[in-house]
Amino acid sequence: MKLGILDYVPIFEGRSAQDAFNHTVELATLADQLGYERYWIAEHHQVPSVASSAPEMVMMMLLEHTHRIHIGSGGVMLPHYSAYKVSEQFKIMEARHPHRIDMGLGRSPSFKNVNEALNEFKTEKPELSQQIDDLIKYFTDDTKQPHRFMSLQATPFINSYPQLYILGMSERSAELAARKGLPLVIAHMGQPSTQINKVIAHYRKQFGLYNEEASDNKPYVIMATFVVTAEKLTTVNHLLDALHLWLMRINYLKQPMSYPSIETAQQRQYSERELAKIEKNKKRIVSGLPHEVAEQLQNMQQTYDADEMMILPHVFGEENRLELLKQLANACF
């Protein structure tokens, strides 16, 4: 089973952003050694408990400390930005580390004030479909096909370019990925299995229709999910306590300033409404002892006909995250 990692770069209670970056470098280095397929960085704005506001910057840190593993964005919320500028950033990474750069693309609008700030002075909202075409133009140095910036090229000039992926949970995103002939990354967020299967089936069907002449281009699905595992079940339960508190609080108007410790989570008194939210969020997490989690991931891969699984090791504590990757690798590889 191919396994990738999506990292939010958490800032743990009592730690700093510098600590978070140093730990993420350590975690990615370990993932590289253990045989994980890829290591992606999420994009989150106005979430103080994570340090992943600019994934491309974190990516370059990780690329300089790893050798084999693919490093990517999970993802870049492209409608906020200029496709031209983004292509330059990723071409620089590709030039320095060829054939290792993944570019996951999404369209999340983020918080209202974040959206307004990121799109300041724009007179109209760009279409993600057009922006993907723009990226491909800039990556391939194409100056012949009709385009509003036909003669414009993005530098540096290189012989390869990043692999593009579409992030989404809807048939709209599946349709876009199929039409562009790109892999689809779908997050398991507690939605009904029938809904996930419907989206993936739509993607595979439409991919065949749009790409029937390109026999070498095949549909590819990555399923992402939160994972909590450890050598002892008591540790798993403690890590779940902290994760559930974090998942609940990031939806509050007042964001937590850090990822809560296990001690903080265990001291928290929950209302009935909050307990109901925790129960609902349990559907988003694969948890248990390493062999149990490995079996659940394999079952999920088969259920959804996914080509690859991607885990979110979003648990409290540097040592716990390192151990999670080790234990899961031993159980899966």
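## Backbone geometry in and around strand E3

Glycine 75 is placed in strand E3, which covers residues 70-77, and the peptide bond that joins glycine 74 to glycine 75 is cis, with an omega of about 5°. The model in which this bond appears is a predicted one, and the torsion angle is therefore a feature of that prediction.

A second cis peptide bond is found between threonine 155 and proline 156, where omega is again about 5°. Proline 156 is situated in a loop, the one that runs between helix H5 (128-140) and strand E5 (163-167), whereas glycine 75 belongs to a strand.

## Positive phi angles outside glycine

Phenylalanine 121, although not a glycine, adopts a positive phi of about 75°. This residue sits in the loop that links helix H4 (112-118) with H5, and because its relative accessibility reaches 75%, over the 50% cut-off, phenylalanine 121 counts as exposed.

Aspartate 305 is likewise a non-glycine residue with a positive phi, in this case of about 55°, and its position is in the loop between H11 and strand E9 (308-312). Its relative accessible area is 45%, which lies between the 20% and 50% cut-offs, so aspartate 305 is classed as partly exposed.

## The crossing of helices H11 and H12

Helix H11, formed by residues 290-303, and helix H12, formed by residues 318-332, have axes that come within 9 Å and cross at roughly 60°. The crossing in which H11 passes H12 is right-handed. On the side of H11 the contact is made by Pro290, His291, Val293, Ala294 and Leu297, while H12 contributes Gln327, Leu328, Ala331 and Cys332. Sorted by character, the residues of this contact comprise seven nonpolar and two polar ones, with no charged residue among them.

## The surroundings of valine 25

Valine 25 is part of helix H1, which spans residues 17-34. Is this residue buried or exposed? With a relative accessibility of 14%, valine 25 falls under the 20% cut-off and therefore counts as buried.

When residues up to four places away in sequence are set aside, valine 25 touches Met61, Leu62 and His65. Its C-alpha atom is 9.8 Å from that of valine 9, a residue 16 positions apart from valine 25 in sequence.

## The chain as a whole

The secondary structure of the protein chain amounts to 12 helices and nine strands. For a chain of 333 residues, a compact globule would be expected to have a radius of gyration near 20 Å, and the protein chain agrees with this expectation because its own value is 20 Å. Along the principal axes, the C-alpha atoms fill a box of roughly 65 × 40 × 40 Å.

Of the 333 residues, 52% count as buried, and the protein chain exposes about 15800 Å², of which carbon and sulfur atoms supply 51%. Considering contacts between residues at least 6 apart in sequence, 74% of them join residues that are at least 24 apart.

Technical notes. Residues numbered from 1 in each chain as written. Predicted model: local features only at pLDDT ≥ 70, side-chain atom pairs only at ≥ 80, totals over all residues. Heavy atoms only, no water. Axes fitted to C-alpha atoms, helices over the stretch in contact; angles between N-to-C directions. Helix = DSSP H or I, 4+ residues; strand = E, 2+ residues; numbered from the N terminus. Left-handed = near helix turned anticlockwise from the far one by under 90°. Contact = heavy atoms within 4.5 Å. Nonpolar A, V, L, I, M, F, W, Y, C, P; charged D, E, K, R; others polar. Rg over C-alpha atoms; globule rule 2.2 N^0.38 Å. Buried < 20%, exposed > 50% of the residue type's maximum accessible area, 1.4 Å probe, protein only. Areas by Shrake-Rupley, 256 points an atom, 1.4 Å probe, with all protein chains shown as cover.
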